[in-house]
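Student: I've got a model open and I'd like to learn how to read its helix packing and its core. Could you walk me through it?

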Amino acid sequence: MAAAVLSSCFALPAKLQNLSLNTTCSTASSSSPTFRSLSFSSALSHNFFNKGCLSMSIVRRPTGYSIVCEAAPKKKADSADKRARQAEKRRVYNKARKSEIRTRMKKVMEALDDLKKKPDAQAEEVLPIEKLIAEAYSVIDKAVKVGTLHRNTGARRKSRLARRKKDVEIHHGWYTPAPVTAS
């Protein structure tokens, strides 16, 4: 009965696993003991108790009564659960988007490698590859826009595709770089 009265929940750091507060009691003609009020030192503030649950119970000892306080970690807050669900949803979404980027880049690179190995390739054969490059650019730009990729990463990947296309054009003689002029 007295345990139910003294039993209350306070937040307590998880590093404090067991705390015992002793007090004397008087049993003046009643069957239940009465306790003097417990006080914490002035150095402790309510903010100190914020990371768990403090349960208090009365323990009868030969020398008197003791109040034992035990701390248990608090269950994860609802907001933390929601954040975990959101993070998992974003992880799956970002993983799919990155996979699509890698797939499109791989298709462009393979098409360019095949065109480079072809000895009798024509300049018009670059047009379908340019469509693939445009689709890859679009996917990369969307990934940068929604935050899946950093903008520098997106720029680097687009540059990689453009350089590979230019190498193929230079290899077949469809493109000649302008000579560098010194000013």
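Tutor: Sure, we'll go through a helix pair, then the core, then one polar contact. Keep in mind that this is a predicted model.

Student: At what angle do α2 and α3 pack?

Tutor: The general idea is to compare the N-to-C directions of the two axes. Here the angle is about 160°, and the axes are 9 Å apart. Angles over 145 degrees count as roughly antiparallel, so that's what α2 and α3 are to each other. As for handedness, α2 passes α3 in a left-handed crossing.

Student: Which residues make the contact?

Tutor: On α2, they include I101, R104, V108 and L115; on α3, V139, I140 and A143 are among them.

Student: Now the core. Which residues of the largest nonpolar core touch the most other members?

Tutor: For a core, look for buried nonpolar residues joined through their side chains. This one has 17 residues, and I101, V108, L115 and L161 are the ones with the most fellow members in touch. Two or more residues come from each of α2 (78-117), α3 (126-146) and α4 (151-172), with α3 giving the largest share, seven residues.

Student: What does I101 touch beyond its sequence neighbours?

Tutor: Leaving out anything up to four places away, I101 touches V139, I140, A143, L149 and R157.

Student: And which side chain has a polar atom 2.8 Å from the backbone oxygen of L115?

Tutor: That's H172, a residue of helix α4. Again skipping residues up to four places away, H172 touches L115, K116, K118 and A121.

How values were computed: Residues numbered from 1 in each chain as written. Predicted model: local features only at pLDDT ≥ 70, side-chain atom pairs only at ≥ 80, totals over all residues. Heavy atoms only, no water. Core = buried A, V, L, I, M, F, W, Y, C linked by side-chain atoms within 4.5 Å. Buried < 20%, exposed > 50% of the residue type's maximum accessible area, 1.4 Å probe, protein only. Helix = DSSP H or I, 4+ residues; strand = E, 2+ residues; numbered from the N terminus. Contact = heavy atoms within 4.5 Å. Polar contact = N/O pair within 3.5 Å; in protein donor to acceptor, adjacent residues only side chain to side chain. Axes fitted to C-alpha atoms, helices over the stretch in contact; angles between N-to-C directions. Parallel < 35°, antiparallel > 145°, perpendicular 65-115°, else oblique. Left-handed = near helix turned anticlockwise from the far one by under 90°.
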